[in-house]
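Dear colleague,

I am handing over the structure below, and I would be grateful if you could look through it before reading my notes. The notes follow directly after it.

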Amino acid sequence: VMPFENFLVMSAWMGMALYRRLSDQRRLVEVGAQVARSQQALARHEGDFATLRVLILANLRATSHHLALTLRPALIASLPLLFALPWLSNRFDFRQPQAGTSISVCVQPVVRGLHWQASSVTASIASGCWLTPWPDVKTPATLSDSAGRPLLVMPNAAKSDTVEKFGWFNWLIGNPAGYLPADAPVAHIHLELPRRQLLDLGPSWLRGWIFWYFLVALLVSLWLKWRWRLH
């Protein structure tokens, strides 16, 4: 499996490579020079308002043209991000609890007839919610419907805090914890899993993977922009 830091660098490189391939760098250099000249003309202007208005309109046209040249390739270059974020979320958002750690499991909507098949005691803490110890691999805990059909099997569902029915978006982003049967009596099962932390110090926003992903992606992108002399 690709290490976390290698994945960060690869996704940033892929985005900048796409931008480099799809953007018209020669035209961007020309338009960038026009923007610079229009800005210099505005800075030097000390005349009447009519001339100033002409200079402002010329600057707006140049900057708008520059934005139009960069917008399409920039949007396409951001597509790797759409695939990177779900993968990182599935891999680094949660960690598997230790066996015996109590977690809450809730279903929506609340229906009757659901029962647990497990070797340990499960306590009902609210309507549609249970407090259950996390099992080990040898003694799995299973939440079943009234017909005995399994809806949730732990510890197999440790990679996501939600198990739900297959939706259209799952053709693009899969749920690593699996899916509920299409005719299941419940639509969602939520597990209160512990969050994975890359650091044990600092504020909560600094401990997870999101901050470090965007920081590394930004730094690598800026370095590639300088290295490839992109505009």
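Leaving out residues up to four places away in sequence, Thr142 touches His115, Trp116, Gln117, Pro150, Leu152 and Val153, where contact means heavy atoms within 4.5 Å. Thr142 has its place in strand β5 (residues 141-144), helices (H or I, at least four residues) and strands (E, at least two) being DSSP runs numbered from the N terminus. Thr142 counts as buried because its relative accessibility is 12%; buried means under 20% relative accessible area, exposed over 50%, and partly exposed in between, with a 1.4 Å probe and protein chains only.

Please keep in mind that this is a predicted model, in which local features need pLDDT of at least 70 and side-chain atom pairs count only at pLDDT 80 or more, while totals for chains, interfaces and linings use all residues. Residues are numbered from 1 along each chain as its sequence is written, and side-chain values use heavy atoms, with hydrogens and water left out.

As to the whole, the protein chain has six helices and nine strands, and 33% of its 231 residues count as buried. The radius of gyration of the protein chain is 27 Å, whereas a compact globule of 231 residues would have one near 17 Å; the radius is taken over C-alpha atoms, and the globule rule is 2.2 Å times the number of residues to the power 0.38. Along the principal axes, the C-alpha atoms fill a box of roughly 85 × 35 × 30 Å.

A second residue to look at is His188, which lies in strand β9 (residues 188-191) and is partly exposed, with a relative accessible area of 33%. Its C-alpha atom is separated by 5.2 Å from that of Gln108, although the two residues are 80 apart along the chain. The side chain of His188 also makes a polar contact of 2.9 Å with the side chain of Glu164, a polar contact being a pair of N or O atoms within 3.5 Å, of which, within protein, one must be able to donate a hydrogen and the other to accept it, and residues adjacent in sequence count only if both atoms are side-chain atoms.

Gln108 is also joined to Pro109 by a cis peptide bond, with omega about -10°, and Pro109 is found in the loop between β1 (102-108) and β2 (115-117). The peptide bond from Met154 to Pro155 is cis as well, with omega near 15°, and Pro155 lies in the loop between β6 (150-154) and β7 (162-165).

With kind regards
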